[in-house]
Amino acid sequence: MTLLHLIPRNPNTYANNPLDRVSHLRADLGWLADRLRDPNSRIVPFWRLHPFILAAPQPQTMAEVGWLRPGAIELGTEETTVLLGLDRDGAAYFAHDISGWSDPERQGPLAGLGSFEELRGITSRIDAGDAAILAQGKAMIDWHARHRFCANCGAATALQDAGYRRLCDGCGTEHFPRTDPVVIMLAVRGDKALLGRQPRFPPRMYSALAGFVEPGESIEEAVAREVHEEAGIQVGAVRYHSTQPWPFPSSLMIGCIAEAESEEITVDDNELEEARWFEREQLREAVEGRGGRRLLLPPPLAIAHQLIRWWCLED
């Protein structure tokens with residue numbers, strides 16, 4: 001058993017990744033080469049950031065990730081291959097970018113075997129552990145696609161450490177995968193919680209407020225600043241709830257409960273279309289699917305849903 005199996009289960013989608021990331025083995029080129037030849041290893045192709053999903057036997061049934069054995073497709077030397085980790089049996093898992101292929105669903109060795117699906121659209125139909133692994137793979141491949149050239153001197157960079165570092169061929173600068181911290185918070189006051197809606201939301205949908213953490217800013221400071229900027233509400237104590245990897249493209253959502261110290265709302269029109277206080281019972285009805293469609297909340301896929309569910313059902 002590794003330390004990964006001792007961590008309490010996270011309630012959020014894309015968390016609870018079952019793989020051991022084995023960072024101490026990433027620089028071992030011989031070991032990596034062996035794993036890429038090992039028939040027990042598994043490789044998932046990504047095409048334009050969409051993972052390969054096997055054709056389902058029947059519509060609306062659970063789908064399976066298109067894990068391939070080494071040799072099923074040729075791993076081009078100019079294509080990105082990233083080590084994702086080892087499972088409990090020691091099998092290695094990789095993500096491989098085939099975005100340069102013209103039409104892999106209809107041409108080549110994968111034709112007719114499945115399709116390349118947008119991750120959010122397929123998440124509810126695949127195993128939760130596989131969803132977490134694919135989120136890792138998507139974020140890594142997206143980062144590599146964005147960092148082929150050095151931000152310091154403009155020269156080409158080369159993949160290192162099984163995909164977890166790029167090295168500039170010109171000035172030697174090292175580049176590492178980035179994760180952007182985002183606070184997402186449910187501001188509460190007594191039996192009321194503050195939700196907002198953006199113009200792009202479906203009618204009657206409201207969600208928790210959120211925003212990026214700025215340089216030199218603590219999580220608590222970011223929560224207080226964002227709530228005040230977006231809704232004009234003063235915040236006091238901030239409680240951590242949970243985090244969610246969000247690979248669209250590379251965020252870590254940091255879920256918090258914030259104790260509001262004021263109630264009068266002043267909406268920032270650049271951020272929100274509207275913000276409102278909702279009674280706990282209103283949110284409980286929406287979470288449980290009661291009360292028709294008077295109030296819509298984000299789907300369970302989103303950490304905002306889990307924050308609201310926890311506050312109105314468990315807190």
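**Pockets, a small sheet and aromatic contacts**

α3 (128–146), β12 (235–246) and β13 (251–260) each give at least two residues to the lining of the largest pocket. The model looked at here is a predicted one. In it, this largest pocket has a volume of about 1100 Å³. Its lining is made up of 42 residues, and those nearest the centre are Tyr14, Ala15, Asn16, Asn17 and Arg21. Helix α3 puts in the largest share, ten residues. Sorted by type, the lining of the largest pocket holds 23 nonpolar, eleven polar and eight charged residues.

Next comes the second largest pocket, with a volume of about 870 Å³. Here 34 residues do the lining, and Gln198, Arg200, Phe201, Ala210 and Met253 lie nearest the centre. Quite a list of elements gives two or more residues to this lining: β9 (180–189), β10 (192–197), β11 (209–212), α4 (219–231), β12, β13 and α6 (303–313). The largest share, four residues, comes from β11. By type, the lining of the second largest pocket splits into 20 nonpolar, six polar and eight charged residues.

Now for some strands. β6, β7 and β8 line up in that order as an open sheet of three strands, with antiparallel pairing. β6 (157–160) and β8 (174–175) each have a single partner strand and stand at the edges, so one side of each has no neighbour in the sheet. Between β6 and β7 (residues 165–168), which run antiparallel, there are four bridges. Thr157, for instance, has Cys168 in β7 as its bridge partner.

Aromatic rings also meet up in this model, with a count of seven aromatic pairs. One of them is the tilted pair of Trp47 and Phe116, set 6.1 Å centre to centre with 55° between the planes. Trp47 belongs to strand β1 (residues 42–47) and Phe116 to strand β5 (residues 114–116), so this pair ties together parts that are 69 residues apart in sequence. Trp47 and Phe116 are both buried. Trp67 and Tyr93 make an edge-to-face pair, at 4.9 Å centre to centre and 85° between the planes. This pair, too, links distant parts of the chain: Trp67 sits in the loop between β2 (50–54) and β3 (81–86), while Tyr93 is in strand β4 (residues 92–97), 26 residues apart. Trp67 and Tyr93 are buried as well. Tyr14, already met near the centre of the largest pocket, forms one aromatic cluster with Trp246 and Phe248.

Rings pick up charged company too. The charged end of Lys192 sits over the ring of Trp277, 5.9 Å from the ring centre, and that of Arg197 sits over the ring of Tyr206, 5.8 Å from its centre.

Terms used: Residues numbered from 1 in each chain as written. Predicted model: local features only at pLDDT ≥ 70, side-chain atom pairs only at ≥ 80, totals over all residues. Heavy atoms only, no water. 1 Å grid on protein atoms, 1.4 Å probe; cavity = no way out; pocket = protein on both sides within 12 Å on 5 of 7 lines; lining within 4 Å. Points joined across faces, edges and corners; volume = space filled by probe spheres on them. Nonpolar A, V, L, I, M, F, W, Y, C, P; charged D, E, K, R; others polar. Pairing = 2+ DSSP bridges. Phe/Tyr/Trp six-rings, centres within 6.5 Å; stacked < 30°, edge-to-face > 60°. Buried < 20%, exposed > 50% of the residue type's maximum accessible area, 1.4 Å probe, protein only. Lys NZ or Arg CZ within 6 Å of the ring centre and 35° of its normal.
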